[in-house]
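Here are a few friendly notes to read alongside the structure. Keep the 3D view open and look up each residue as it comes up.

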Amino acid sequence: MCGIVGYIGEEQAAPFLLKGLEKLEYRGYDSAGLCLNDGGKLVVKKSKGKLQELKILTNNGDTLHGTVGIGHTRWATHGEPSDVNAHPHLSESGRFAVVHNGIIENYLPLREMLTEKGIVFRSNTDTEVIAQLFEYYDQGNLMDTVIRVLSKLDGSYALGVLCRDHPDEIIAVRKESPLIIGLGEHENYIASDIPAILNKTRNIYRLENDEIAVIKRDSVQVFNLDKEPIHKELEVVDWDIAAAEKGGYEHFMFKEIMEQPKAFHDTITPHLKDGRVVLDEIHLTADQIRSFRKINILACGSAYHVGVVAKYVFEKILRIPVEADLASEFRYRDPIIDDKTLTVVISQSGETADTKEAMKEAKRRGSHVISIVNVLGSAIAKESNDVIYTLAGPEIAVATTKAYSTQLAVIYLMAIYFGDVLGKITDTEYQYYLQELQAIPEKIQQILEHKETVQYLASKLFHCNDVFFIGRNIDYALSLEGSLKLKEISYIHSEAYAAGELKHGTISLIEDGTLVIALATHEELIGKIVSNMKEVQARGAYVLCLTTEKHQELKSTSQSTLFIPSTCDMMLPSLAVVPLQLFAYYVAALKGCDIDKPRNLAKSVTVE
Ligand code: G6P
């Protein structure tokens, strides 16, 4: 969702703010803006479109002066992307400037109230209400004003606020949307996420809900809503700075695809000790584990697709019913869930609003929540009962690749661990799964080394208008991700279908040249999917089949074939997803799409 950055120090703020926004563009990129305190006046520059537009407008920040400033990159919710709706928003007389990430749910009554008092709004955003409230309630004591304004707001927010009359401070506030404070030498920073400040400092505070920070050049003070000071624990970020850079690759997405062997390896290694899977993060006794009657998986987007793979894996190995739920649907359907249900929440960012709220609902109903999260200290990680971190490192491209892969890695670890506790797998199976798990990074590497094969196919097929991904069982789960990857970055219409379901309607869409990507890795069902391939070919489809190396015979039943190494059934998606990611990437590149920042999307969606 939106990205916030702020600077207070002794240098010109604008260049730092623009650099910081560059690192946050993954959070939203339909418009951007800056506000600086220039000698006692709040000067705002903003522009519709990508950050590049703002850079041109401000001559890379040179036309903006001041050593205190805030910046924002937006993903529109209230009000179309436009110059006027871009943040920062000023109060009527220009005394307050606000950048905001989140949604003010009661902005309409607040706007009506302020309009009745004669205040004229310039934008259609919920955020402008906050700026106007600041001015409306201000009686000279800034802290009192902040508390008064916050008491009026319902919803979620991370805020950066400048006040013209307090030229030596930035106010930062958070409720449900992430915000960190970076600590420098005679300068301090705020940001929605760590990459924005990593070139300046590794020392950070994480703001918690309902905390108010007063940030000056040489001090940072944090208060609660009763104005009591709060002691914050210093966190030292140990990220490798290169991990947040493109490192010579043209796109983050490609770099992140290539990083998957390492990310997978890094994620499983801490959990393998003396030939056993160790999940110390899970605080459940064997009896508690045995008491679960159901597993419920909650997630959005690609993380949900991992959940669908997990459904097949857990049900097969653990013999427990599993529901994979779209988090946005879960909480509004009065779900049947209690303390006999184990909830698994999956989220790269750990901040996705739908997932977070669904998790809270599951907890409220007594369910034990294990989260699988990539971002350390994020809201979901903190609020779940147990958290298992994926060690993918920072993922910047909006289309997820390495986070998806590492989430799968954790699912396999959990399947083996729970399978053992529940006595559902034999020692031989246990050893076999472990051996296959450890071999996955090397096998992904082998696939990456033959990426040109996928590139060639992409060059033959990138003109297609409609694509169907079909598969059965775990291949169906994978087809969901293959299809999403392609459509989100190449804008080609694509659907994922359970191969057996195609004939119940969708097959009417198949015509001469329609591309069907048939996933045929699941050993037991190869025969069935071959029949489905024939059905669509008979209606003119061009079939690209993805299968394992041992099924060379499938060359004769498809127009093109891609092969992956073999592994145990449950781990096949970890291999098969890689050519699908590459295919989407190369097609999007050939079409000249903005791969790392596809239109209308955001990486971290912190609104419902
Ligand atoms: C957004 C992203 C998706 C992602 C989903 C869930 O929609 O564009 O790529 O899968 O959010 O994000 P999370 O951070 O919860 O995994």
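The points below go from the ligand to a sheet and then to two loops.

1. Before anything else, please keep in mind that this is a predicted model.

2. Start with the ligand, which sits in the second largest pocket. Which residues surround the ligand? Going along the chain, they are Cys-300, Gly-301, Ser-302, Ala-303, Ser-347, Gln-348, Ser-349, Thr-352, Val-398, Ala-602, Lys-603 and Val-605. Sorted by class, this shell has five nonpolar, six polar and one charged residues. Helix α9 (residues 301–318) gives the largest share of the shell, with three residues.

3. Now zoom in on the oxygen atoms of the ligand. A polar side-chain atom of Thr-352 is 2.4 Å from a ligand oxygen. Backbone atoms take part as well: a backbone N or O atom of Gln-348 lies 2.7 Å from an oxygen of the ligand, and a polar backbone atom of Ser-302 is 2.9 Å from a ligand oxygen. How much of the ligand's accessible area does the protein cover? On its own the ligand has 390 Å² of accessible area, and the protein covers 88% of that.

4. Next, find the open sheet of six strands, which run in the order β5-β6-β7-β8-β12-β13 with antiparallel pairing. Why is one side of β5 and of β13 left without a neighbour in the sheet? Strands β5 (89–90) and β13 (220–223) stand at the edges and each has a single partner strand, so one side of each has no neighbour there. As background, strands of a sheet pair through backbone hydrogen bonds, either parallel or antiparallel.

5. For one pair within this sheet, look at β7 (residues 155–163) and β8 (residues 170–175), which are joined by four bridges in the antiparallel sense. To trace one of these links yourself, begin at Ala-158, whose bridge partner in β8 is Arg-174.

6. Finally, visit two loops with backbone details worth a look. Most residues other than glycine have a negative phi, and most peptide bonds are trans. In the loop between α2 (51–57) and β4, Asn-59 has a positive phi, near 50 degrees. In the loop between β4 (68–74) and β5 you will find Pro-88; the peptide bond from His-87 to Pro-88 is cis, with omega near 0 degrees.

Notes
Residues are numbered from 1 along each chain as its sequence is written. This is a predicted model: local features need pLDDT of at least 70, side-chain atom pairs count only at pLDDT 80 or more; totals for chains, interfaces and linings use all residues. Side-chain values use heavy atoms; hydrogens and water are left out. A residue is near a molecule or strand if one of its heavy atoms lies within 4 Å of it. A polar contact is a pair of N or O atoms within 3.5 Å; within protein, one must be able to donate a hydrogen and the other to accept it, and residues adjacent in sequence count only if both atoms are side-chain atoms. Accessible areas come from the Shrake-Rupley method with a 1.4 Å probe; for residues, only the protein chains shown count as cover. On a 1 Å grid over the protein atoms alone, a cavity is a set of points where a 1.4 Å probe fits but cannot get out, and a pocket is an open set with protein on both sides within 12 Å along at least five of seven lines; lining residues have an atom within 4 Å of a point. A molecule sits in a cavity or pocket if more than half of its atoms lie within 2 Å of its grid points. Ala, Val, Leu, Ile, Met, Phe, Trp, Tyr, Cys and Pro count as nonpolar, Asp, Glu, Lys and Arg as charged, and the others, Gly among them, as polar. Two strands pair if DSSP finds at least two bridges between them.
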